[in-house]
Amino acid sequence: MDKWYNVGKIVNTHGIKGEVRIISRTDFPEERYKVGNTLHIFIADKEPIEVTVQSHRTHKNFDLVTFEGYDNVNDVEKFKDSLVKVHESQLGELEEGEYYFHEIIGCTVITEEGEELGAIKEILTPGANDVWVVKGGKGKEILIPFIDDIVKEIDIEEKRITIHLMEGLI
């Protein structure tokens, strides 16, 4: 079964020449929206539509993208509220110590002493560093900053992350 990864959401059209306004969910917009790159548009209950990036620019907090063969606002109107995704085969290699969100989400977090805190359910990106949201016991959420002082070991194969439990963290 094919795996697809979310790049962004088309929230609107922009102008009359087929440009779409995307709220990105990727750390690599320059790679994902590079001219000639292939993306897939997922419209509810339909087969994904393969598109090729024709142009890309940023405007305010949006990525503005046009696709080859879609030169008119009427051509892209149907894409509103749809997701833009890439196939797993399009994921590039990351530097040592860098991870895709899908590799981290679902990992079990344990302390250096072996106490299991819960599983990572989402990742927040508020600023200087990411923050992992761990669903702990009794439904309590624990926020773990992704910094070297706290995160000691990441084992993607075992889906396990070991942290140093600093005072006040939970």
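Visitor: Leaving aside its neighbours within four places in sequence, which residues is F67 in contact with?

Guide: In this predicted model, F67 touches I10, V20, L39, I41, V51, T52, V53, Q54 and F79, once its neighbours within four places in sequence are set aside. Contact here requires heavy atoms within 4.5 Å, so each of these residues has at least one heavy atom within that distance of F67.

Visitor: What makes the set with I10, L39, F67 and F79 a nonpolar core?

Guide: A nonpolar core joins buried residues of the nonpolar kind through side-chain atoms within 4.5 Å, and buried means under 20% relative accessible area. The largest such core has 18 residues, and I10, L39, F67 and F79 are those with the most contacts inside it; these four residues are therefore buried, each under 20% relative accessible area. Two or more residues come from each of β1, β2 (19-24), β3 (38-42), β4 (49-59), β5 (62-67) and β6 (82-87), and β1 gives the most, with 3 residues.

Visitor: Which residues are included in the second, separate core?

Guide: That core, of 16 residues, includes W132, I144, I154 and I163. In soluble globular proteins, nonpolar side chains tend to be buried together.

Visitor: How do you know which residues line the largest pocket, and which lie nearest its centre?

Guide: A lining residue must have an atom within 4 Å of a point of the pocket, and 25 residues line the largest one, with R25, T26, D27, Y100 and F101 nearest its centre. The space in this pocket is about 700 Å³. Both β1 (4-14) and α3 (101-104) supply at least two residues of the lining, which divides into 14 nonpolar, 6 polar and 5 charged residues.

Visitor: Why is E88 counted in the lining of the second largest pocket, and how does that lining divide?

Guide: E88 is listed in the lining together with Y5, L91, G92, E93, L94, E98, Y99, Y100, H102, E103 and I156, so E88 has an atom within 4 Å of a point of that pocket. The lining divides into 6 nonpolar, 2 polar and 4 charged residues, around about 190 Å³ of space.

Visitor: Where does UniProt place the annotated domains?

Guide: An unreviewed UniProt entry gives "domain: RimM N-terminal" for residues 7-90, a span that is 10% helix and 50% strand, with end C-alpha atoms 11 Å apart. For "domain: Ribosome maturation factor RimM PRC barrel", UniProt lists residues 102-169, again in an unreviewed entry; this span is 4% helix and 47% strand, and its end C-alpha atoms lie 24 Å apart.

Note on methods. Residues numbered from 1 in each chain as written. Predicted model: local features only at pLDDT ≥ 70, side-chain atom pairs only at ≥ 80, totals over all residues. Heavy atoms only, no water. 1 Å grid on protein atoms, 1.4 Å probe; cavity = no way out; pocket = protein on both sides within 12 Å on 5 of 7 lines; lining within 4 Å. Points joined across faces, edges and corners; volume = space filled by probe spheres on them. Nonpolar A, V, L, I, M, F, W, Y, C, P; charged D, E, K, R; others polar. UniProt positions renumbered as here; feature names shortened; annotations may be inferred. Buried < 20%, exposed > 50% of the residue type's maximum accessible area, 1.4 Å probe, protein only.
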